[in-house]
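Biologist: I am new to this one and would love a friendly tour. Could we go through it together, one question at a time?

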Amino acid sequence: MTESILMIDFHAALKKVYLSTLRFAWIIGGQKEHVQSGLRVPTGGFISEEAVLLFPDRTLLGEDVMLLPGARLICAGMPPYLASSGSISIGTGSVVREGAILQTYGGNIVIGEKSAINPYCILQGNGGITIGNSTLIAAGVKIFSANHIYADEDSLIQTQGETRKGVKIGDDVWIGAGCIILDGVNIGNGAVIAAGAVVAADIPEKAVAAGVPAKIIKYRGARNGQQ
């Protein structure tokens, strides 16, 4: 029992030293490589060793990008992830926070500059997801860029394939916590989606939308009150 406790304490101490070394390296010149994946860390950026990158050769990171603990970037199809498929691109100054999952499922996920993917978001890129610059994706948002086909009642849904239209989200957009964005949706620049909304249709520029399904409740700025 005592040996087990000592071993736990030893591993905890090693981890503390390792993390301190990473922080020191980052301060004096930046982290150079993500050990788990072998990916070169971009200038000014940081990739937590508790982040997971599968098929990192399909991932492109701009300068100052941060991938925090528990973030998962998976450039593959369905498990067990035996082959690479699709790509992920994240622009300068953007952050993917704790527990967020970006999975390509064969499509491409593109995130612009200075945007934030907050904790426990799920982005499934089957049909392609594009997110603009300075856009805020709040905690727990789910973005799906495909739909199952289910018209044939005599066949299993999982054998009928998918439709894939893709999702596009503009610049300076705020997607509130817990929102669900469905395939085929375009959200214009400067739009705001209230927490918990389910977006199944396009939202124009600077519109504020809320509800299930999401509907426009007002516009920002000079257009406020117009429908």
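Modeller: Happily! Let us start with a term: two strands pair if DSSP finds at least two bridges between them. Keep in mind that this is a predicted model. With that cut-off, β6 and β9 count as a pair, since they are joined in the parallel sense over 4 bridges.

Biologist: Which residue of β9 is the bridge partner of S89?

Modeller: S89 lies on the uncovered face of β6, together with S87. The bridge from S89 reaches into β9, and the partner there is V110.

Biologist: Which residues form the covered face of β6?

Modeller: On the other side, β6 also pairs with β3 (residues 59–61), in the parallel sense over 3 bridges. In that pairing L61 has I90 as its bridge partner. S87 and S89 make up the uncovered face of β6, and the covered face consists of I88 and I90.

Biologist: How many helices and strands does the protein chain have?

Modeller: The protein chain has 227 residues, and 40% of them count as buried. Its elements are 1 helix and 24 strands.

Biologist: Which strands stand at the edges of the open sheet?

Modeller: The open sheet has 9 strands in the order β1-β4-β7-β10-β13-β18-β21-β23-β24, with mixed pairing. Two of these strands have a single partner each, so one side of each is left without a neighbour in the sheet. Those edge strands are β1 (46–47) and β24 (215–219).

Biologist: Which residue takes a positive phi in the hairpin of β23 and β24?

Modeller: β23 (residues 207–210) pairs with β24 in the antiparallel sense over 4 bridges, and V208 stands opposite K218. The hairpin has 4 residues between the strands. The residue with a positive phi, near 105°, is G211.

Biologist: Which residue in β21 stands opposite I175?

Modeller: β18 (residues 174–175) and β21 (residues 192–193) run parallel and are joined by 2 bridges. Opposite I175, in β21, stands I193.

Biologist: Which residues touch the most other members of the largest nonpolar core?

Modeller: In soluble globular proteins, nonpolar side chains tend to be buried together. Here the largest nonpolar core has 43 residues. The elements giving two or more residues to this core are β6 (87–90), β9 (108–111), β12 (129–131), β17 (167–169) and β23. The members that touch the most others are I90, L102, I117 and I187.

Biologist: Which residues are in contact with I117, leaving aside its neighbours within four places in sequence?

Modeller: I117 is one of the core members that touch the most others. Leaving aside neighbours within four places in sequence, its contacts are V95, V96, R97, A100, L102, I111, L123, I131 and I137.

Biologist: Is S37 buried or exposed?

Modeller: S37 sits in the loop between α1 (2–28) and β1. Beyond its neighbours within four places in sequence, S37 is in contact with L53 and P56. Its relative accessible area is 19%, and the cut-off is under 20%, so S37 is buried.

Biologist: Which residues lie nearest the centre of the largest pocket?

Modeller: The largest pocket has a volume of about 190 Å³. By class, its lining has 5 nonpolar, 5 polar and 3 charged residues. Of the 13 lining residues, those nearest the centre are Q124, N126, A146, H148 and E162.

How values were computed
Residues numbered from 1 in each chain as written. Predicted model: local features only at pLDDT ≥ 70, side-chain atom pairs only at ≥ 80, totals over all residues. Heavy atoms only, no water. 1 Å grid on protein atoms, 1.4 Å probe; cavity = no way out; pocket = protein on both sides within 12 Å on 5 of 7 lines; lining within 4 Å. Points joined across faces, edges and corners; volume = space filled by probe spheres on them. Nonpolar A, V, L, I, M, F, W, Y, C, P; charged D, E, K, R; others polar. Core = buried A, V, L, I, M, F, W, Y, C linked by side-chain atoms within 4.5 Å. Buried < 20%, exposed > 50% of the residue type's maximum accessible area, 1.4 Å probe, protein only. Contact = heavy atoms within 4.5 Å.
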